[in-house]
Amino acid sequence: MSSVPLKNSYLIQNAHAILTGLTGDAARCSSTDIRIQSGKITEMGRLSAQPNEQVVNTKDCVIYPAWVNTHHHLFQSLLKGEPQGLNQNLTSWLASTPYRFRGAFDEATFRIAVRIGLIELLRSGCATVADHHYLYWPQMPFDGAAILFDEAEKLGMRFVLCRGGATLTRGLESELPQALRPEKFEDYMLDMERLVKHYHQPDSNAFRKIVMAPTSTLHSTTAPQLRESARIARQLGIRMHSHLSETVDYLDAAKAKFGMTPVQFCAEQDWIGSDVWFAHLVKLLPEEIQLLGQTQTGIAHCPQSNARLGSGIADLVALERTGMTISIGVDGAGSNEAADMLSETHAAWLLQRARKGMLATPQYEGGQFEGGADAASIEDVIRWGTVGGAKILGLDQVGTIEVGQQADLVIYQLDDPRYFGLHDMAIGPVASGGRAHIKAMFIAGKMVMENDQIPDLDMMELAWQAKQAVKLLQQRSMDMAKIA
Ligand SMILES: [Zn+2]
């Protein structure tokens, strides 16, 4: 009998706990062992090793489905804690940080930013990333999409490119620096077609997807263009994503510009439904929540960025009750210095509860307080951060630990004092915060991390590159300010 292990054939044995991403009693499973073959979970229970499989002993470990991050701006991974934007609200921060620096990026600095962001996420147990990439302007000097897909592939991660961009601008076009000039709508849509043709996989276990994602539904295009983009997206068979109602300014702007609420405006342009998800949705009127729920629109909840910018806390409990799909996004690291999924889910767990103690603005809260100590269980947060995100991205074969699903899972070894004394180890990775040691991590059955290490990654080199890149970006942004 041969005892040579088959490639990507594993038996994960003796887990202390397995959380599945499912609801109710099924959220925790009584199995201790998981068999992985040909990229999938093929068996669960108490299993004995077969001669041709590699055994991963997970004694004292807790296993979760790998996380799915549904909103990010990876280029911002080199804009963390940027002093001019550090204590600013959304509007001022946008001008101070991402928009001030966007023209300073070139191919090399962009690639380093993407790499840092993806590695941060992977090291928290995240397998799937949807990046809202909006660095586009006429005569763009590099192909961001190619770099994003390339870096994700090197790490073995699933990647969804939400192709952002704007065809409108608030300033006079000819007076704007090149990096702030809008694209022509036709060019934007042509690039969408190119990206779909080149990268998009429609399958529910895909590694590459493309999404229509104008940077803001209210401000980035005209209303007829927005409507046309929805038609084209559905014709191409892709999903739609954007920012919405991050602050109360969205409501004021929509009322002033269009005489209706932001959600109503999106609905008028066919920008709503189970193939659409919005980041933030912090400030909503009760009728907007109803409309989003009825149409089963999704949300990427970004609690840390919303807290950092002082925007507020989305009411996930109310949104889920109306039928919306909830997912978690870290948002760009320019407004979240902890852009990893363990920090983000830890914050989501705490902040849903904290809502109850906050001063409410009755017109936004539907007159009632949500939140409190039972607002979100650890199991809820895991479900939002895994299968919720997978559903929103059209990846129905990932996000849960079940037989037949893609083997995307993370094994946390809780060997840090922060976990010592826990009565229920299963909640440790989310409840205790911080980064847990990853004993092993799998994406589509391939081991992408082992003993807390990413193969072939030189962390010192990456740290040095990051330092050099930050210096370069600072210098370039100062030079650009002089020219302007
Ligand atoms: Zn964002």
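What is the site of the zinc ion, with its four donor atoms, called on the basis of its angles? The angles among the four donor atoms run from 87 to 177°, and the site is irregular; four donors would count as tetrahedral if all angles lay between 85 and 135 degrees, or as square planar if opposite donors were over 155 degrees apart and all others between 65 and 115.

This is a predicted model, in which local features need pLDDT of at least 70 and side-chain atom pairs count only at pLDDT 80 or more, while totals for chains, interfaces and linings use all residues. Residues are numbered from 1 along each chain as its sequence is written, and side-chain values use heavy atoms, without hydrogens and water.

Select the zinc ion. His-71 (NE2), His-73 (NE2), His-243 (NE2) and Asp-331 (OD) coordinate the zinc ion at 2.1 to 2.4 Å; donors are N, O and S atoms within 2.8 Å of the metal (3.2 Å for Na, K and Ca), and because water is not among the atoms, sites may look incomplete.

Next, select His-71 and His-243. Both are buried, that is, under 20% relative accessible area (1.4 Å probe, protein chains only).

Then select Tyr-64 and Met-441. In the largest nonpolar core, which has 113 residues, these two touch the most other members. A nonpolar core is a set of buried Ala, Val, Leu, Ile, Met, Phe, Trp, Tyr and Cys residues joined through side-chain atoms within 4.5 Å.

Finally, keep Met-441 selected. Beyond its neighbours within four places in sequence, Met-441 is in contact (heavy atoms within 4.5 Å) with residues including Ala-66, Leu-122 and Met-449. Apart from the largest core lies another, of 17 residues, among them Tyr-10 and Ala-440.

Note on methods
Buried < 20%, exposed > 50% of the residue type's maximum accessible area, 1.4 Å probe, protein only. Tetrahedral: all angles 85-135°; square planar, octahedral: opposite > 155°, others 65-115°.
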